[in-house]
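This report describes the fold, the strand pairing, one pocket and a set of individual residues. The sequence and the structure are shown first.

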Amino acid sequence: MKRDKYTIRSACMLLTPALLLCANCVQADAPAFDRPGISFATSVLPAGSFDWEQGLPDLEHDNADGVRSTSYSADTTFRVGLTSTLEVQLAGSLWNRLHQHAGGVSFHDDGGGDTKLALKWAPSLASKDITLAVLGSVTAATGSAAFTNGRPIVSLGATVAHDLGGGRSLAFYANVDRSGGEDTWTLSPNFGFPISGNLDGYVEAGHTFGGGQSSTVAGGGLTWLLHDRVQFDLYGLRGLTPRSPDVQAGFGVSVFWK
């Protein structure tokens, strides 16, 4: 898919400070990042550490009812470890761009997205092969008109994972969003596996329903860990039903400090 020069330039501007800051990171093994994927990791950051997870950008493309639209979003998440089982997160997207084409007329808009504050809990379980994390969040409608939900969202999600050994894992994610008196559910299984060295892959599917929405997607992605504290990711999802987005994809970087 062709991207305009503004999009590429913005991605480079976001990537450069990440690499420069990383050069001054304290040497430490990186924990599991929440990027990429529909679900989130079943661990929290060590107390006193933090990370930055950045889309460069993420995009969604859809062609339905005679309207072709593509949106780009520089999604940002900051995570800070509070205790051995708790972390706090702040997420949003300061830059978004929407392209739409219908009836021979093209339109585009730029603006910021909504802001989310979240608390993640990852309790210790009896089995070392099973891990669990619960994420509760509140999203405030701070975005511009084209990129906001328009009202607050209260969310509660959980991921449970089973370590299969050899770097392989099987996980299941469930989440409910409450907004405007309606509930929207998302369910997603995923399977992670090693490829070579610090290069890993995963496949996943996701189904969203309720609140007037219904969508089913499937795909996967790659992650590459550099110097045990910087991760690059690449992912793609394909819509499987008429009401699903045709394509969701993205490239991103995550950086860990301790």
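In which strand does proline 57 lie? Proline 57 lies in strand E1, and the answer is taken up again below with the cis peptide bonds. The model is predicted.

## Overall make-up

The chain contains one helix and 15 strands. It has 258 residues, and 40% of them are buried. The accessible surface amounts to about 13,200 Å², with 61% of this belonging to carbon and sulfur atoms.

Counting contacts between residues at least 6 apart in sequence, 54% join residues at least 24 apart. One pair far apart in sequence is tryptophan 257 and leucine 45, with their positions 212 residues apart in numbering and a C-alpha to C-alpha distance of 9.8 Å.

## Pairing of E10, E11 and E12

Strand E11 (182-196) pairs on one hand with strand E10 (168-179) and on the other with strand E12 (199-210). E10 and E11 are antiparallel and share eleven bridges. Within this pair, leucine 170 has phenylalanine 191 of E11 as its bridge partner. The two strands form a hairpin with two residues between them, and glycine 180 in the turn has a positive phi of about 60 degrees.

E11 and E12 also run antiparallel, joined by nine bridges. Here leucine 187 stands opposite histidine 207 in E12. E11 and E12 form a hairpin too, with two residues between the strands, and glycine 197 takes a positive phi near 60 degrees. In a regular strand, side chains point alternately to one face of the sheet and the other.

## The second largest pocket

A probe the size of a water molecule, rolled over the atoms, shows where empty space is left. The second largest pocket has a volume of about 790 Å³. Its lining consists of 30 residues, and those nearest the pocket centre are Ala32, Phe33, Ala41, Ser169 and Gly192.

Five strands each supply at least two residues of the lining: E9 (153-165), E10, E11, E12 and E13 (213-226). By residue class, the lining divides into 13 nonpolar, 13 polar and four charged residues.

## Cis peptide bonds

Arginine 35 and proline 36 are joined by a cis peptide bond with omega of about -15 degrees. Proline 36 is placed in the loop between helix H1 (5-22) and strand E1 (50-64).

A cis peptide bond also joins leucine 56 and proline 57, with omega of about -5 degrees. As stated at the start, proline 57 lies in strand E1.

## Positive phi outside glycine

Aspartate 65 has phi near 55 degrees, a positive value in a residue other than glycine. It is found in the loop between E1 and strand E2 (67-73). Because its relative accessibility is 80%, aspartate 65 counts as exposed.

Aspartate 228 is not a glycine either, yet has a positive phi of about 60 degrees. Its place is in the loop between E13 and E14. The relative accessibility of aspartate 228 is 31%, so it counts as partly exposed.

## Strand E15 and the loop before it

Serine 254 lies in strand E15 (residues 247-257). Its relative accessibility is 0%, so serine 254 counts as buried. With neighbours within four places in sequence left aside, serine 254 is in contact with Phe33, Arg35, Trp52, Glu53, Arg229, Val230 and Gln231. Among these contacts, Phe33 is also one of the residues nearest the centre of the second largest pocket, and Arg35 takes part in a cis peptide bond with proline 36.

Tryptophan 257 lies in strand E15 as well. Its relative accessible area is 13%, and it is therefore buried, the cut-off being under 20%.

Is leucine 240 buried or exposed? At 55% relative accessibility, leucine 240 counts as exposed, because the cut-off is over 50%. Leucine 240 is found in the loop between strand E14 (230-239) and E15. Setting aside residues up to four places away in sequence, leucine 240 touches Thr216, Val217 and Ala218. From leucine 240 to alanine 218 the C-alpha to C-alpha distance is 7.2 Å, and the two are 22 residues apart in sequence.

Terms used
Residues numbered from 1 in each chain as written. Predicted model: local features only at pLDDT ≥ 70, side-chain atom pairs only at ≥ 80, totals over all residues. Heavy atoms only, no water. 1 Å grid on protein atoms, 1.4 Å probe; cavity = no way out; pocket = protein on both sides within 12 Å on 5 of 7 lines; lining within 4 Å. Points joined across faces, edges and corners; volume = space filled by probe spheres on them. Helix = DSSP H or I, 4+ residues; strand = E, 2+ residues; numbered from the N terminus. Nonpolar A, V, L, I, M, F, W, Y, C, P; charged D, E, K, R; others polar. Buried < 20%, exposed > 50% of the residue type's maximum accessible area, 1.4 Å probe, protein only. Contact = heavy atoms within 4.5 Å. Areas by Shrake-Rupley, 256 points an atom, 1.4 Å probe, with all protein chains shown as cover. Pairing = 2+ DSSP bridges.
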